[in-house]
Amino acid sequence: MKDRTIRDELIQNVAMLTKLEAAEALGVSPLQVDKMRQCGLLKATRTGQGWRFSQEELRDFQRDLRGVDVSNEKMMVAALSRRT
């Protein structure tokens, strides 16, 4: 039973979300997710079906940029220093 719990936690932590799911989780549009990915603010993995975003990356993104305005590309580039 313990092994199953550990496995379930690992699976949950590495679940990959689609662009639409990531947008919903972050409360932004899918276009905004694309822009954040393109400028390097949001890390993603390219798959045969598009881009995927890890739940861990979304949590880190929210933690690192809490209260930071990333509503346009200029602000996104300025926020990059908070993620490195």
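In this predicted model, 53% of the contacts between residues at least 6 apart in sequence join residues at least 24 apart. Of the 84 residues in the protein, 29% are buried. The secondary structure comes to five helices and three strands, and read from the N terminus on, the elements run α-β-α-α-β-β-α-α.

Let's start with the strands. They make up an open sheet of three strands in the order 1-3-2, with antiparallel pairing. Strand 1 and strand 2 sit at the edges, each with a single partner strand, so one side of each has no neighbour in the sheet. Helix 4 packs on this sheet and touches strand 1 and strand 3. The direction of helix 4 makes about 65° with that of strand 3.

A look at the pairing fills in the picture. Strand 1 and strand 3 pair in the antiparallel sense over two bridges, and M16 has S54 of strand 3 as its bridge partner. Strand 2, which covers residues 45-47, pairs with strand 3 over three bridges, again in the antiparallel sense. Here the bridge partner of T45 is R52, in strand 3. Strand 2 and strand 3 also form a hairpin, with two residues between them. As for strand 3 itself, four of its five residues are buried, so the rest of the structure largely encloses this strand.

Now for the helix that packs on the sheet. Helix 4 spans residues 55-64, and its buried residues are E57, L58, F61 and D64. Looking down the axis of helix 4, these buried residues fall within an arc of 135°, so they line one face of the helix. It helps to recall that an α-helix has 3.6 residues a turn, so residues three or four places apart point the same way. And what covers the buried residues of helix 4? The cover includes strand 1 (16-17), helix 2, helix 3 and strand 3 (50-54). Q55 also lies in helix 4, but with a relative accessibility of 22% it counts as partly exposed, since the cut-off for buried is under 20%. Along the chain, Q55 and A25 are 30 residues apart, while in space their C-alpha atoms are 9.2 Å apart.

Next come helix 2 and helix 3. Helix 2 (residues 19-26) packs with helix 3 (residues 30-38) at an angle of about 100°, and their axes are 8 Å apart. That angle makes helix 2 roughly perpendicular to helix 3, because angles of 65 to 115 degrees count as roughly perpendicular. On the helix 2 side, the contact is made by K19, L20, A22, A23 and L26, and on the helix 3 side by P30, V33, D34 and M36. Sorted by type, the residues of this contact between helix 2 and helix 3 come out as seven nonpolar, no polar and two charged.

Helix 3 has its own set of buried residues, namely Q32, V33, D34, M36 and R37. Which elements do the buried residues of helix 3 pack against? They pack against helix 2, strand 3, helix 4 and helix 5. Just after helix 3 comes G40, which takes a positive phi of about 90°.

That leaves the stretch towards the end of the chain. R82 has its place in the segment after helix 5 (73-79). Is R82 buried or partly exposed? With 49% relative accessibility, R82 counts as partly exposed, because exposed means over 50%. R82 and D64 are 18 residues apart along the chain, and 6.4 Å separates their C-alpha atoms. Leaving out residues up to four places away in sequence, R82 touches D64, L65, R66 and V68. D64 therefore turns up twice, as one of the buried residues of helix 4 and as one of the residues that R82 touches.

Terms used. Residues are numbered from 1 along each chain as its sequence is written. This is a predicted model: local features need pLDDT of at least 70, side-chain atom pairs count only at pLDDT 80 or more; totals for chains, interfaces and linings use all residues. Side-chain values use heavy atoms; hydrogens and water are left out. Axes are lines fitted to C-alpha atoms, for helices over the stretch in contact, and angles run from 0 to 180 degrees between N-to-C directions. Angles under 35 degrees count as roughly parallel, over 145 as roughly antiparallel, 65 to 115 as roughly perpendicular and the rest as oblique. Contact means heavy atoms within 4.5 Å. Ala, Val, Leu, Ile, Met, Phe, Trp, Tyr, Cys and Pro count as nonpolar, Asp, Glu, Lys and Arg as charged, and the others, Gly among them, as polar. Buried means under 20% relative accessible area, exposed over 50%, partly exposed in between (1.4 Å probe, protein chains only). The arc is that of the directions from the helix axis to the C-beta atoms. Two strands pair if DSSP finds at least two bridges between them.
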